[in-house]
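Please find below a colleague's note on the model under discussion. It is set out as numbered points.

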Amino acid sequence: MTTAVFDEARVKQAAARMRHDIVEMIAEAGSGHPGGSLSAADIVATLYFGGVLRHDPSDPAWAGRDRFVLSKGHAAPVLYAALAEAGYFGRDHLSTLRKLGSMLQGHPDSKKTPGVEVSTGSLGQGLSIAAGIAAGLRTTPDDDRCVFALLGDGELQEGQVWEAAMFAAHHGLENLVAIVDDNGLQIDGACSEVMCLGEIASKFTAFGWRAFEVDGHDPAQLYEGLMAARTHEGGPAVVVAHTVKGKGVSFMEGDAGWHGKAPSAEQTEQARGEIAASWEGGA
Amino acid sequence: MAKATREAFGATLVDLAREGVDVVAVEADLSKSTTTATFADAFPERFFNVGIAEQNMIDVAAGLAVSGKVAFTGSFAVFATGRAYDQVRNTVCYSGLDVKLAPTHSGITVGPDGGSHQMIEDIALMRVLPGMRVLVPADYAAARAALRAAAMTPGPFYIRLGRTSFADVYGDDFEFEVGRAYVLREGTDVTLAACGIEVAEALKAAETLAAEGISAEVIDVASVKPLDVDTLVTSVAKTGRIVTCEEHSVLGGMGSAVSEVLSEVCPVPTRRIGVADVFGTSGEPAELVEHFGLSAEHIAAAARELTS
């Protein structure tokens, strides 16, 4: 099992390696979703390598583990990069993303990939699934296994998210933590222009959740927020992580056009260089 | 009036829980109608009412299954399959989870609520999903056995329950085998393959036909998927003709499933009894069975036409 120690340098290193892998695997695949994978890299790195998520890469079915549901399933590359970094499977699999016969499907497939708890990809469903897992795990009062669900901000436009929000609060699911990757962009442009989400944290608060807001690219803030959400008692909590779509690759940052397309060879080279520079700078 | 198949739902869940099966139920504000309230009363900690939110119902059940439970869902057939189709497809079936959909109020025997609530496309919607098993029990005893079989067999199930039953077919000791069709009456001239309330109608039709000198074999095709191809082929190889009978659209249901297989393996003249390509309408259940041409008399007429 992963030891629960927060080491900011380790998280930053893991996030940089994951960003590198995300760009490489999407470039190799020739398709995929870099923008929302890169925006979530620090969140997922803090979960897996910051001592937040209790898990055991050598025993993916370990009963005592926490559960992670990637509700925004199109960000599969960030999950695959984390799982490979953690050792759930060999890094050689990353280059098979989206190819025939690969265990790394375009969207997460729990039947094929070790470490993937449940298949996702159709938006709006992950919070309901996570709430169901949380309800099912909460068999004894001292059971503190926690369920984390990562949602996109655009995904909150799906009405089912709010059905789940109601359910989790009604049942006082204090072992449930939602994380919103609030990068402000969706396929057709800015969320505020496509379908304005308003105040995300206060919407959850109105549904009876405890809300925390953090800089989604600051591992220390993420750790504080995620641990506060995990230990919050009496009901579910959400961490609204303010992020930049495409974070870490200058030409992708803040551009909705990079939601779902692969970089060219030259763009990949540039991205590789920028990520390597940040890695060395932060190490 | 016989006990309706829906009445088996809550009672069977209570039995399973008492026997130590780790069942839970997720309902969407219809616990009294579906009878999951019986289970809720006996095992409140295993019952989750999501309110009027069928999509959430299916995915909360999926989550409960991921956590290790055998999760049954309620609601009415029209909402559980239609409104929550993407949840059933992309989460329950794509992940291959232990979720058992057992919605009630399928078919036209819903009655006065009318076409909006009479689900006659559900078998079609469910049987095309990879990994989904589809059971259509003929009566209360069969429903109890089918629910039990679904609970004991890993993976997704659709158990089609109804609001109204007209006649019992089986005794209390009936044991359901997934993937098996039951030959209830042997015959040599025509095969009547039925499911749900139509099994009793087919048996009545066989009586009528016998009096006219036509020997009808009646098969309960309660397991629409997986289909018992051997039993069906053996029967039509003998009789040379088949009438399929279901309280469902003639498009995509059990009749279609049977026709798909027989057309490849053993093609025979076929008639499909079911609701034509139309929506339901308000009326009393017995009136609607007549109105949509599902009664024993209509089955007998189709058999006569095939054998003449």
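The points below take up the contact between the chains and then one strand of chain B with its neighbours.

1. The model is predicted, and the remarks that follow should be read accordingly.

2. On the contact between the chains, chain A contributes 22 residues and chain B contributes 23 residues. On the side of chain A that touches chain B, the elements giving two or more residues are helix H5 (126-137) and helix H6 (160-170) of chain A. H5(A) supplies the largest share of that side, with nine residues.

3. As to composition, the side of chain A that touches chain B holds 10 nonpolar, nine polar and three charged residues.

4. In chain B, strand S11 (residues 242-249) deserves separate comment. Is this strand mostly covered or mostly open? S11(B) is mostly covered, with eight of its eight residues buried.

5. S11(B) has parallel pairings with two strands of chain B, namely S8(B) and S12(B). With strand S8 (residues 190-194), the pairing runs over four bridges; here Ala193(B) has Thr244(B) of S11(B) as its bridge partner. With strand S12 (residues 270-275), the pairing runs over five bridges, and Val243(B) is partnered by Arg271(B) of S12(B).

6. The connection from S11(B) to S12(B) also merits mention. Together with helix H11 (residues 254-265) of chain B, these two strands make a right-handed β-α-β unit. The strands of this unit are thus described twice in this note: as a parallel pair and as parts of the β-α-β unit.

Definitions and conventions. Residues are numbered from 1 along each chain as its sequence is written. Chains are lettered from A and ligands numbered from 1 in the order in which they are written. This is a predicted model: local features need pLDDT of at least 70, side-chain atom pairs count only at pLDDT 80 or more; totals for chains, interfaces and linings use all residues. Two residues are in contact if their C-beta atoms, placed from the backbone, lie within 7 Å. Ala, Val, Leu, Ile, Met, Phe, Trp, Tyr, Cys and Pro count as nonpolar, Asp, Glu, Lys and Arg as charged, and the others, Gly among them, as polar. A residue is buried if 20 or more other C-beta atoms lie within 10 Å of its own, exposed if 12 or fewer, and partly exposed in between; C-beta atoms are placed from the backbone. Two strands pair if DSSP finds at least two bridges between them. A crossover is right-handed if, with the strands pointing away from the viewer, the path from the first strand over the helix to the second runs clockwise.
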